[in-house]
Amino acid sequence: MKHRACAALAVSMVLAAFFIPGGCRRNSGPDASRGSSIGVFIPGVMSGSPVYEMLAEGVRSAVDRYNSAQTGAGPVELTVIEGGYNQAEWETKLTAMAASLAYDLIVSSNPSLPDIVSHISSRFPDQRFLLLDGRLEGNPHVYTLRYNQREQAYMAGSMAALVSEAAGPGPRKVGLVAAQEYPVMNNIILPGFLEGAQGINPGYTVDFRIVGNWYDAAKAGELAADMIRGGVRVLLCIAGGANEGVIHAAAEGGAKVVWFDTNGYAIGPGIVVGSSVLYQDKAAYNQVLRYLEGTLSFGAAETLGVKDGYVDFIQDDPAYIRAVPPELRERQAAIIEGIRSGALALPL
Ligand code: RBF
């Protein structure tokens, strides 16, 4: 008798989860009466990596905005966990977050996350994920947003070649110092950078060097110095905390730097001659708010670029205006306008 009563209760709880609106609260926004919890997983460390700083900042702003606008609802709680530089540990750490059942939504960012999350998602099917800077389509528990980094890298390449040309006779060679090789780097960013440089002159090549991690500024500096000795006059750096070494080497060797992801003009005034950015803070803010309002489409994969307002090249910074002569800025402005208007189409 007791068993039958228990079975009936269990069945009715399962049915309630399916049929009562809000019974399955992970499928929509947060539970208005109990609040909700969001966990941000940083695959690396925040310091020195603006993509991750922007991620945490955007999620925090969305949660603050949601909490301050809610009346009577429990507050949404936010936890940020740094995964550290050992990439082999990320899956275990992210699995622990999912297994804890502590988070209605886990937010992260990185092109390697979709693969890791696919594994975890099959073991924890109730867990929802919001992944930026990565792509996975058709998993009903995962929403992804990536940026058009062909556009972002193209604008870096055109600026690098414009400044290199203006530096006088020398090899038509621009530099790219990257922390590590990964598919987006090798198949989108590096070719996009080359394509942008060759748009200025088809004779350009790219000297491509790998640091081996996202923090070793001394190693990045040595690579950059070697490239500068080899005739490179402008370098793009995508190496997180190691970027500092590239700035230092450029300052010593009379070279220039194009910055990636955030506005970097203030980091090396007169040395940084371009900032090809993505607005990950805005993406995190908007998508987390959509989640909290119950309108985020899990299963969808979006790609956003210049015309959507998520990728850009910063042209109005006084340090850019001081560092780059007007005729070069005008040529760069025309290229950016071409991308924005669609006249120069750079799809992924
Ligand atoms: N970008 C960073 O700024 N800091 C990092 O620590 C970092 N770690 C990464 C680890 C992996 C495995 C991959 C694939 C990318 C990483 N990125 C990192 C690069 C980031 O996702 C993005 O491609 C670049 O910031 C260029 O937009």
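Two strands are said to pair if DSSP finds at least two bridges between them, where strands (E, at least two residues) and helices (H or I, at least four) are DSSP runs numbered from the N terminus. With that criterion, Val 142 in E5 is the bridge partner of Phe 129, and E4 and E5 pair in the parallel sense over four bridges. The structure is a predicted model, in which local features need pLDDT of at least 70 and side-chain atom pairs count only at pLDDT 80 or more, while totals for chains, interfaces and linings use all residues. Residues are numbered from 1 along each chain as its sequence is written, and side-chain values use heavy atoms, with hydrogens and water left out.

**Overall composition**

The chain has 11 helices and 12 strands. Of its 348 residues, 50% are buried, a term that stands for under 20% relative accessible area, with exposed meaning over 50% and partly exposed the range in between (1.4 Å probe, protein chains only). Among the contacts in the chain with a separation of 6 or more, 68% are between residues 24 or more positions apart, a contact being defined by heavy atoms within 4.5 Å.

**The two sheets**

One open sheet consists of six strands in the order E2-E1-E3-E4-E5-E11, with parallel pairing. Its edge strands are E2 (76-82) and E11 (301-304), each of which pairs on one side only. Neighbouring strands here are turned by 15 degrees against each other on average, direction ignored; axes are lines fitted to C-alpha atoms, for helices over the stretch in contact, and angles run from 0 to 180 degrees between N-to-C directions. Helix H3 lies across E1 (36-42), E2 and E3, and runs at about 175 degrees to E1.

The other open sheet, also of six strands, has the order E7-E6-E8-E9-E10-E12 and mixed pairing. Strands E7 (205-210) and E12 (311-313) stand at its edges with a single partner strand each, so one side of each is left without a neighbour in the sheet. The twist averages 20 degrees from one strand to the next. Within this sheet, E8 (residues 234-238) and E9 run parallel and are joined by three bridges, and the bridge partner of Val 234 is Lys 256 in E9. Helix H8 (residues 243-253) packs on the sheet, touching E6 (173-178), E8, E9 and E10 (272-278), and its direction makes about 160 degrees with that of E9.

**Helix H4 and its surroundings**

In helix H4 (residues 113-123), the buried residues are Leu 113, Pro 114, Ile 116, Val 117, Ile 120 and Ser 121. Seen down the axis of H4, these residues fall within an arc of 155 degrees, so they line one face of the helix; the arc is that of the directions from the helix axis to the C-beta atoms. In general, an α-helix has 3.6 residues a turn, so residues three or four places apart point the same way. On the other side of H4, Asp 115, Ser 122 and Arg 123 are exposed. The cover over the buried residues of H4 includes helix H3 (90-99) and the strands E3 (105-109), E4 (128-132) and E5 (142-147).

**Nonpolar cores**

A nonpolar core is a set of buried Ala, Val, Leu, Ile, Met, Phe, Trp, Tyr and Cys residues joined through side-chain atoms within 4.5 Å. The largest has 94 residues, and those with the most contacts inside it are Ile 38, Val 59, Val 107, Leu 235 and Val 257. Helix H5 (residues 149-166) gives the most to this core, with nine residues. Domain 1 (7-147 + 280-304) and domain 2 (149-278 + 315-341) both give residues to this core, so it lies between them; the domain bounds come from an automatic or database domain assignment. A second, separate core of 15 residues includes Trp 90, Leu 131, Leu 136 and Val 142. Leaving aside neighbours within four places in sequence, Val 257 is in contact with residues including Leu 235, Cys 237, Val 246 and Ile 271.

**Individual residues**

Two residues other than glycine with a positive phi are tabulated here.

| Residue | Phi | Place | Relative accessibility |
|---|---|---|---|
| Asp 133 | near 55 degrees | loop between E4 and E5 | 15%, buried |
| Asp 261 | near 85 degrees | strand E9 (residues 256-261) | 12%, buried |

Pro 347 is placed in the segment after helix H11 (326-341) and, at 52% relative accessibility, counts as exposed. Pro 347 and Asn 148 are 199 residues apart in sequence, while their C-alpha atoms are 7.4 Å apart in space. Leaving aside neighbours within four places in sequence, Pro 347 is in contact with Asn 148 and Arg 150.
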